[in-house]
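Trainee: Could you take me through one part of this structure up close? I'd like to start with the sheet and then see what else is worth a look.

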Amino acid sequence: MTVDVSVIATSSLGDRSYLASDGRVAIVVDPQRDIDRVLHLAGAEGVRITHVVETHIHNDYVSGGLELARITGAHYLVAAADEVGFDRMPVADGDTVPVSDALRLRVVGTPGHTFHHLSYVLDEAGDGGWTPVGVFTGGSLLFGTTGRTDLLGQQHAHELAHHQHASARRLADLLPDGAQVWPTHGFGSFCSASQADAPESTIGREKEANPVLRLAADRFVTETLAGLDAYPAYYAHMGVANAAGPAPVDLTPVARADSDELRRRIAAGEWVVDLRHRKAYASSHLAGTVSLGLDGPMSTWLGWLIDWGVPITLLAETPDQVADAQRELVRIGIDRPAAQATGEPEQWATDRAELRELTVADFDALAAAQAGHTPAGLPDPQVVLDVRMTNEWKAGHVDGAVHVPLPDLPTRLADVPAGTVWVHCGSGYRATAAASLLANVGRDVVLIDDMFGRAEAAGVRMASTA
């Protein structure tokens, strides 16, 4: 096989970009905004980028396609039907785009994730003519699922779900079973209707496993729409930015803040985000900060929780961690944090009175408390708060728990009943963020830093699902 397809994964957002080449020239599909990763890969492979391709106007991240095409001089392929504020090479269903003597792209209209969504079949030249190697499916046919159909508004979700079903069937009919499937979404992205763990797939595998290729249209639509949960609020800004034409990114270091400035920013109601692991945060942190560790999907939750445009200050142990956070944030359109500080909490506080810690428990302790035997050193749980998403809650939850999904918590803190709050999520990451928000408004809080899958086995009394 002449063609080589490299994956550029953005695991924090659950997305993949691709660089496909014949050893001389390359196609880039759905690049993230930090295009230095793409340029580095192309340089390492010794190939020249001649075509940059968008499967759709993205809703979950700001694209780097326009800037990558500008820097490389590549053709920038965007759906002709999409209204955009920049020059592009307009393409539509049925178009064939020559790339080299060895490669070409065939454009296939696959509406569903968006109205004008396109997939791109990658053909390779051989002695017998052109052979399809695989298809870049964007948010259409994913591994074991499809892209969600409600991002353009609930009023379009039903119609787009029918389109999604027809589009997936069209790809399955068009391509041989051995053709590779290269989706952009589906690796933890909220753009995916559900999640699958497969690292790779083919049309044949999807025919066996993907509901969109196994269910009749009406049943697929009903099941898909029923399974959709909330998606990040910042998505509202992504499509607008991508249609207008994103600006280049600036990843240079952010101005440092001393302890006095940090105190002023916290007092002003700005977001000061602690990027350290939640265990370090629980042990000691600057009062008034919010825990969103770099070990989890920091940018997704931060972009979802904040009022868009509010100044953000980043706290981390090292400058490299701040730089990593900056990179993640530009991908969702948060271009320049207001300030940053590195080191330890003691260096960020004007005095030790500004340092706090979180009380931590596990589900064994909650089970004991439910039985009337709260472990020594822990306050009784007067409120158990579950901050998981609605579909997680419906699948099973602690008996008597209060449910406020984490994205809703900043505006619903007053809805959490009075008393000491024990807060949990699915693993501890979201619960730590929630615990920090609650502590910042003076609530007594215990963080359950544990896997929810352990709760029932630990003896926690669960609500009946009957």
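Mentor: Sure, and keep in mind that this is a predicted model. The open sheet has 5 strands in the order E7-E8-E9-E10-E11, and the pairing is mixed. At its edges sit strand E7 (96-98) and strand E11 (180-183), each of which pairs on one side only. If you ignore direction, neighbouring strands in this sheet are turned against each other by 25° on average.

Now zoom in on one pair of strands. E8, residues 103-109, and E9, residues 118-126, run antiparallel to each other and are joined over 7 bridges. To pick out one of the rungs, find Val 107 and look over to E9, where its bridge partner is Tyr 120. Then bring helix H3 into view: this helix, residues 154-174, lies across E8, E9 and strand E10 (129-138). Relative to E8, H3 runs at about 145°.

Leave the sheet for a moment and go to Gln 32. You'll find this residue in the loop between strand E3 (25-29) and helix H1 (36-45). Gln 32 counts as buried because its relative accessible area is 2%, and the cut-off for buried is under 20%. Its contacts, leaving out residues up to four places away in sequence, include Thr 10, Leu 13, Asp 15 and Ser 17, as well as Arg 37 and Arg 331. Tyr 61, Val 62, Ser 63 and Gly 64 are also among the residues that Gln 32 touches. Take Gly 64: it is 32 residues from Gln 32 in sequence, yet the two C-alpha atoms are 5.0 Å apart.

Ser 63 and Gly 64 also lead us to the empty space. The structure holds 2 cavities of 30 Å³ or more. The second largest has a volume of about 50 Å³, and its lining is made up of Arg 33, Ile 35, Ser 63, Gly 64, Glu 67, Pro 246, Ala 247, Pro 248 and Val 249. By class, that gives 5 nonpolar, 2 polar and 2 charged residues.

The largest cavity encloses about 60 Å³. Ser 63 and Pro 246 turn up in its lining too, along with Glu 54, His 56, Ile 57, His 58, Leu 66, Tyr 76, Val 78, Phe 86 and Asn 242. Here the split is 6 nonpolar, 4 polar and 1 charged. If you want one residue to carry away from this tour, try Ser 63: Gln 32 touches it, and it lines the largest cavity as well as the second largest.

Definitions and conventions. Residues numbered from 1 in each chain as written. Predicted model: local features only at pLDDT ≥ 70, side-chain atom pairs only at ≥ 80, totals over all residues. Heavy atoms only, no water. Helix = DSSP H or I, 4+ residues; strand = E, 2+ residues; numbered from the N terminus. Buried < 20%, exposed > 50% of the residue type's maximum accessible area, 1.4 Å probe, protein only. Contact = heavy atoms within 4.5 Å. 1 Å grid on protein atoms, 1.4 Å probe; cavity = no way out; pocket = protein on both sides within 12 Å on 5 of 7 lines; lining within 4 Å. Points joined across faces, edges and corners; volume = space filled by probe spheres on them. Nonpolar A, V, L, I, M, F, W, Y, C, P; charged D, E, K, R; others polar. Pairing = 2+ DSSP bridges. Axes fitted to C-alpha atoms, helices over the stretch in contact; angles between N-to-C directions.
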